[in-house]
2 protein chains.
Amino acid sequence: MATFGIGQLAQRAGVAIDTVRYYERNGLLPPSGRLASGYRRYGDIELKRLRFIRRAKVLGFTLEDIRGLLSLSDEQNVAEVRTAAQGKLADIEQRIAELERVRDGLRRLIAACPGHGRADACPILNALTQEETR
Amino acid sequence: MATFGIGQLAQRAGVAIDTVRYYERNGLLPPSGRLASGYRRYGDIELKRLRFIRRAKVLGFTLEDIRGLLSLSDEQNVAEVRTAAQGKLADIEQRIAELERVRDGLRRLIAACPGHGRADACPILNALTQEETR
DNA sequence: CTTGACTCTGGACCCGGGTCCAGACTGCAC
DNA sequence: GTGCAGTCTGGACCCGGGTCCAGAGTCAAG
């Protein structure tokens, strides 16, 4: 399999070289090997892994969360992997539910706001300053 | 209206006193007034505002986002308020959509995983190490 | 009054997640 | 074999969001 250096890897995944090394220090992305010189070498698996890390980050997972997700693949026990995945799924579902609550509240406020007139007739302002956004 | 001190406020909202002062420094939560001694005084409006800040934080808004949300109430123009609220709504909807994508991928993997047997038969592991989680 | 709890300010420190050197070595093309 | 881009390590620094002092002043009950 073709291997490439850290610069290539970083560039293909759209992250900084320092970030790659930072992830390595934190146990998220070991190189597949090293040259005699010490230069890190990576392959497509690492590239995919790095992209996975980035996507997970965007979605608000911490590096620790992600380490957990990735370490699933080190597990021996398929049943444990499944359980861990279910736990993550539950997290995500809860976050979605919370965001939906906020979304619905915001939608109602927007719908109720005339978009003109006196400020104290605007339900959005009232919600922020006097009530909770629900 | 009854007013109370920073300790009361913090305790009722379930945050640390230092956090309240930190929010003040960052323009999120000015006290309604001060005693001659310099002691901050707060009322129910501040309490609600603080609770709002906390809830928004839990949902992943940065303090800057929240400052934006709160500053809506300083706007003169009701139309602008409405527009800003719509922008926030769009953000939230996008985050929900991304999380749903992840949720669906994870659900499919879990459904496809037998929960036992050889590790390389587990689609969850394969997805993490070889494909992207979708 | 005194005492103990509360609050003030300013500044140091912490953690997560990076980012940016400096100084030295390496790989490759010419 | 020289030159330049690429890479190495270690450590300093940055930002957001707090958290924790120290030292001094304040409030209220007894």
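In this predicted model, helices α1(B) and α2(B) sit roughly perpendicular to each other, because angles of 65 to 115 degrees count as roughly perpendicular and theirs is about 105 degrees. Their axes are 8 Å apart. If you want to find the two helices in chain B, look at residues 6-13 for α1 and residues 17-25 for α2.

Who touches whom? From α1(B) come Ile6(B), Gly7(B), Leu9(B) and Ala10(B), and they meet Ile17(B), Val20(B) and Arg21(B) of α2(B). By class, that contact of α1(B) with α2(B) has five nonpolar residues, one polar and one charged.

Now to the DNA. Arg21(B) turns up again here, as one of the closest residues to DNA strand C, along with Asp18(A), Thr19(A), Tyr39(B) and Arg40(B). In total, 20 residues surround the strand, and they split into eight nonpolar, six polar and six charged.

Which helices supply at least two residues each to this surface? They are α2 (17-25) and α3 (44-58) of chain A, plus α1 and α2 of chain B. The biggest giver is α2(A), with four residues.

On the DNA side, 74% of the strand C atoms within 4 Å of the protein belong to sugar or phosphate, and the rest belong to bases. Here are some side chains with a polar atom by a phosphate oxygen of DNA strand C:

| Side chain | Distance to a phosphate oxygen of DNA strand C |
|---|---|
| Tyr23(A) | 3.0 Å |
| Ser37(A) | 3.0 Å |
| Arg40(B) | 2.6 Å |

So both protein chains appear in the table, with Tyr23(A) and Ser37(A) from chain A and Arg40(B) from chain B.

Technical notes. Residues are numbered from 1 along each chain as its sequence is written. Chains are lettered from A and ligands numbered from 1 in the order in which they are written. This is a predicted model: local features need pLDDT of at least 70, side-chain atom pairs count only at pLDDT 80 or more; totals for chains, interfaces and linings use all residues. Side-chain values use heavy atoms; hydrogens and water are left out. Axes are lines fitted to C-alpha atoms, for helices over the stretch in contact, and angles run from 0 to 180 degrees between N-to-C directions. Angles under 35 degrees count as roughly parallel, over 145 as roughly antiparallel, 65 to 115 as roughly perpendicular and the rest as oblique. Contact means heavy atoms within 4.5 Å. Ala, Val, Leu, Ile, Met, Phe, Trp, Tyr, Cys and Pro count as nonpolar, Asp, Glu, Lys and Arg as charged, and the others, Gly among them, as polar. A residue is near a molecule or strand if one of its heavy atoms lies within 4 Å of it. A polar contact is a pair of N or O atoms within 3.5 Å; within protein, one must be able to donate a hydrogen and the other to accept it, and residues adjacent in sequence count only if both atoms are side-chain atoms.
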